[in-house]
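Biologist: Please take a close look at a single part, the packing between chains. Give me one connected account, with the surroundings that I need to follow it.

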Amino acid sequence: MTAGVCLILLVVVGGLTLFRQGSRSRSQSGGNWISLIFRLSHAPKLSASHKILVLDKFSRPDPVLDFVMQQVYLFDLASQQARWLTMRQASVAENISNANTPGFKAGDVAPFNEIFDGTALQMAATDRNHLGAGSSDAAGAPIANGTPWEVSYSGNSVSIEQEMIKSGEVYRAYSMNTSIVKAFNDMMMASLKG
Amino acid sequence: MIDPLEASLKIAGSGLEAQSARLRIVSENLANAQSTGSLAGASPYRRKTVTFESEMDQLTGADLVRVKSVGVDRSPFRTELDPGNPAADEKGFVKLPNVNVLMEMSDMREANRSYEANLQIIQQTRNLYSMTIGLLRNS
């Protein structure tokens with residue numbers, strides 16, 4: 001009887017490990033949840049040595065597995081960067097189309113890392129007299145170009161060359177972004193198919 | 001806010017439209033560079049000017065561009081002594097349009113370049129689209 005339980009345990013543990021490694025889109029807590037159910041449902045039937053085996057397998061953080069699981073954020077990060085890049089492309093398109101509009105000031109979006117630097121919890125204002133921290137909507141707010149290359153007599157600060165360079169940067173970064181996502185997807189598929 | 005890439009296409013499209021309107025005005029000016037009046041001493045063709053303005057699109061929140069107004073150039077006409085012309089006044093002077101061909105040519109070049117830049121943006125935005133769609137393809 002002990003040998004049968006041990007066999008079932010090994011099969012289930014192996015399956016769960018594969019599942020955890022394969023479905024990397026689940027967060028760390030998802031894995032713990034599965035292990036918790038597993039322990040709750042199987043622990044009373046197992047002998048002491050098997051319990052230790054189960055606990056060792058699931059409760060102690062495995063550095064390699066943790067590292068792999070943290071890569072899950074890459075999809076999120078890549079998607080955020082893609083969104084930021086498309087917004088930058090829209091800003092470049094605005095500048096280019098207004099390249100001959102008198103008085104138009106060229107704009108740009110805030111740098112990508114500033115969005116993370118500015119991400120913070122907002123204080124809730126429950127009273128009118130509370131000081132507001134201000135909205136940190138840095139992602140979509142166009143900011144002025146630091147140094148426009150040329151300002152024409154009509155007050156237009158769009159330089160087509162500068163915008164073309166920015167557009168090229170967006171293209172390169174977007175191409176890298178999609179390549180990374182594709183590579184990561186291939187890795188996932190490889191781990192699923194074996 | 002709609003998809004920024006779609007907004008880019010819309011913005012660049014408005015740029016194309018504005019620049020082509022400008023090219024149309026330039027071609028009108030060039031075509032009428034020698035158009036005198038029909039009666040004696042009548043005013044000839046007056047050079048047209050075009051101005052742009054940036055327009056906030058309510059749907060996308062993007063700054064589109066549009067033709068603000070088509071005005072006329074108030075600068076004085078050139079005059080030329082040509083007593084045989086039907087439009088010559090009693091002293092034999094003919095008023096010619098205030099169109100400077102060189103200026104129109106440079107205006108045309110600028111409109112052309114801006115048009116090309118907008119086209120480039122459209123092309124690039126399409127590339128971004130196809131790269132995104134490429135993620136779905138089996139490699």
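Modeller: Helices here are DSSP runs of H or I with at least four residues, strands are E runs of at least two, and both are numbered from the N terminus. On that basis chain A has 7 helices and 2 strands. The model is predicted.

Start with the layout. Read along its sequence, chain A goes α-α-α-α-α-β-α-β-α. Chain B has 2 helices and 4 strands. From its N terminus on, the order in chain B is α-β-β-β-β-α. Buried residues make up 17% of the 194 residues in chain A. For chain B, 27% of 139 residues count as buried. Now take contacts between residues 6 or more positions apart in chain A: 72% of them join residues 24 or more apart. In chain B, the share joining residues at least 24 apart is 62%, among contacts with a separation of at least 6.

Now the interface. On chain B, 30 residues are in contact with 24 residues of chain A. Four elements of chain B each give two or more residues to this side: helix H1 (4-31), strand S1 (48-56), strand S2 (63-72) and helix H2 (101-134). H2(B) gives the most, with 12 residues. By class, the chain B side splits into 14 nonpolar, 13 polar and 3 charged residues.

So which helix of chain A runs alongside H2(B)? Look at H7(A). The axes of H7(A) and H2(B) come within 10 Å and cross at roughly 10 degrees. Angles under 35 degrees count as roughly parallel, and H7(A) and H2(B) are therefore roughly parallel to each other. H7(A) brings A:Ile160, A:Ser167, A:Tyr171, A:Tyr174, A:Ser175 and A:Thr178 to this contact. Among their partners in H2(B) are B:Arg113, B:Ala117, B:Ile121, B:Gln124 and B:Leu128. By class, the residues of this contact divide into 7 nonpolar, 7 polar and 1 charged.

Take each helix in turn. H2(B) has 34 residues and reaches 49 Å from its first C-alpha to its last, close to the 50 Å expected at 1.5 Å a residue. Its buried residues include B:Asp107, B:Ala111, B:Ala117, B:Ile121 and B:Leu128. H5 and H7 of chain A are among the elements that cover the buried residues of H2(B), together with H1 of chain B. B:Glu110 also lies in H2 of chain B. B:Glu110 has 15 other C-beta atoms within 10 Å. Buried needs 20 or more and exposed needs 12 or fewer, so B:Glu110 is partly exposed. The C-alpha atoms of B:Glu110 and B:Arg22 are 9.9 Å from each other, with these positions 88 residues apart along the chain numbering.

H7(A) also has 34 residues, and it spans 48 Å from first C-alpha to last, close to the expected 50 Å. In H7(A), the buried residues are A:Glu163, A:Lys166, A:Ser167, A:Val170, A:Tyr174 and A:Asn177. They pack against H5 of chain A together with H2 of chain B. A:Gly194 follows H7(A), and its phi is positive, near 85 degrees. On the other side of H7, A:Thr147 sits in the loop between strand S2 (142-144) and H7 of chain A. A:Thr147 has 7 other C-beta atoms within 10 Å and is therefore exposed. Its C-alpha is 9.9 Å from that of A:Ala106, 41 residues apart along the chain.

That leaves the nonpolar core. In soluble globular proteins, nonpolar side chains tend to be buried together. Here the largest nonpolar core has 27 residues. Those with the most contacts inside it are A:Ala90, A:Ala93, A:Ile96, B:Ile11 and B:Ile121. Helix H5 (73-97) and helix H7 (160-193) of chain A give two or more residues each, as do H1, S2 and H2 of chain B. H5(A) supplies the largest share, 8 residues.

One residue shows how the chains join in this core. Leaving out residues up to four places away in sequence, B:Ile11 touches A:Ala90, A:Ala93, A:Glu94 and A:Ser97 in chain A. Within chain B, B:Ile11 touches B:Ala62 and B:Leu64.

Methods. Residues are numbered from 1 along each chain as its sequence is written. Chains are lettered from A and ligands numbered from 1 in the order in which they are written. This is a predicted model: local features need pLDDT of at least 70, side-chain atom pairs count only at pLDDT 80 or more; totals for chains, interfaces and linings use all residues. Two residues are in contact if their C-beta atoms, placed from the backbone, lie within 7 Å. Ala, Val, Leu, Ile, Met, Phe, Trp, Tyr, Cys and Pro count as nonpolar, Asp, Glu, Lys and Arg as charged, and the others, Gly among them, as polar. A nonpolar core is a set of buried Ala, Val, Leu, Ile, Met, Phe, Trp, Tyr and Cys residues joined through C-beta atoms within 7 Å. The expected span of a helix is 1.5 Å times one less than its number of residues. Axes are lines fitted to C-alpha atoms, for helices over the stretch in contact, and angles run from 0 to 180 degrees between N-to-C directions. Angles under 35 degrees count as roughly parallel, over 145 as roughly antiparallel, 65 to 115 as roughly perpendicular and the rest as oblique.
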